[in-house]
Amino acid sequence: MPAAGAAVLTETVLYLLLPSTAFGGDRLNSTILVLISVWITAGVIAAVHIPARSLARTCLSQFEEASLLVDEARQRRAELEATVENLAQANRQLILANERVAALRAVAEEAQRLKTTFVANVSHEFRTPLNMIIGLSDIMLRSPELYGVRLSPRMREDLGIVHRNCQHLSRMITDVLDLTRAEAGRLSLQKQLVDLTEIIRDAVEEVKPLTTKKGLELCVLVADDLP
């Protein structure tokens, strides 16, 4: 636009500086027409240049915004790729952790199985001699004549204590075996009526030697109509 304006002004000044005698009548009209056409052309150029320049600025601004959006999109894409990589790595770590947990669970289950087997074997090993002691002490209490002896009250009381404690140990072994069955999910419960008075008296008889040793007296009062 500045070049077009400079050209128009230059041509106009040159035509105006020429002497008027250099133009005839027809030539003067032609010169005027040329100047008019030049100015019209300059006006057209100006009319086109202003909106074109505005459009160019708009396009340039939009191009810059688009470039910024593209750069931002690339940056976000890089961030998303990094996030995806982090998620993949976290997923791999989670898989490894699950595998370790499964391995540890298998080890724990195997240890639990070995413990249950050990407890069951030891309980059975304890039960055999206990049953023998229970049987022999019961025979001694019921039929001491088989051994050719006469039991004194003190001996009979001591044998009774041995018999009851062995029965108590036998019941404890049964409880341990029931516990192993419960852990294995194979415990079956059997309900039955029991004599609560007998249970209380048995418990008292088991702790009676301790109270006697301490010089204490343990008295039990149980109602006759106890269910």
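A residue is called buried when its relative accessible area is under 20%, exposed when it is over 50%, and partly exposed in between, using a 1.4 Å probe and protein chains only. By this rule Glu72 is partly exposed, because its relative accessibility is 33%.

The structure is a predicted model, in which local features need pLDDT of at least 70 and side-chain atom pairs count only at pLDDT 80 or more, while totals for chains, interfaces and linings use all residues. Residues are numbered from 1 along each chain as its sequence is written, and side-chain values use heavy atoms, with hydrogens and water left out.

Start with helix α2, which covers residues 25-142. Helices here are DSSP runs (H or I, at least four residues), numbered from the N terminus. Within α2, the side chains of Glu72 and Arg76 form a salt bridge, with 2.6 Å from N to O. A salt bridge is a side-chain nitrogen of Lys or Arg within 4 Å of a carboxyl oxygen of Asp or Glu. Arg76 and Glu72 are about one helical turn apart, because four residues separate them in α2. An α-helix has 3.6 residues a turn, so residues three or four places apart point the same way. Arg77 and Glu81 also meet in a salt bridge, at 3.4 Å from N to O, and this pair too is four residues apart in α2. Arg77 counts as exposed because its relative accessibility is 58%, whereas Glu81, at 47%, is partly exposed.

Further along α2, Thr117 is partly exposed, with a relative accessible area of 36%. Its C-alpha atom is 8.5 Å from that of Thr180, although the two are 63 residues apart along the chain. Ser137, also in α2, counts as buried because its relative accessibility is 4%. Leaving aside residues up to four places away in sequence, Ser137 touches Leu159 and His163; contact means heavy atoms within 4.5 Å.

What makes up the largest nonpolar core? Six residues do: Ala120, Leu130, Ile134, Cys166, Ile173 and Leu177. Helices α2 and α3 each supply at least two residues of this core. A nonpolar core is a set of buried Ala, Val, Leu, Ile, Met, Phe, Trp, Tyr and Cys residues joined through side-chain atoms within 4.5 Å. In soluble globular proteins, nonpolar side chains tend to be buried together. Cys166 touches Leu130, Ile133 and Ile134, again not counting residues up to four places away in sequence.

Helix α4 spans residues 196-213, and its 18 residues reach 27 Å from first C-alpha to last, close to the 26 Å expected at 1.5 Å a residue. That expected span is 1.5 Å times one less than the number of residues. At the N-terminal end, Asp195 caps α4, with a side-chain oxygen 3.2 Å from the backbone nitrogen of Thr197. The helix bends by about 45° at Val207, and Pro209 follows within four residues. The bend is the angle between axes fitted to the seven residues ending at a residue and the seven starting there. After α4 comes Gly215, which has a positive phi near 75°.

The buried residues of α4 are Thr197, Val204, Glu206 and Thr211, and they pack against α3 (153-184). A salt bridge joins Arg164 and Glu205, at 3.2 Å from N to O. This pair links distant parts of the chain, with Arg164 in α3 and Glu205 in α4, 41 residues apart. Glu205 is partly exposed, at 28% relative accessible area. In the whole structure, a search finds eight salt bridges.

Notes
A polar contact is a pair of N or O atoms within 3.5 Å; within protein, one must be able to donate a hydrogen and the other to accept it, and residues adjacent in sequence count only if both atoms are side-chain atoms.
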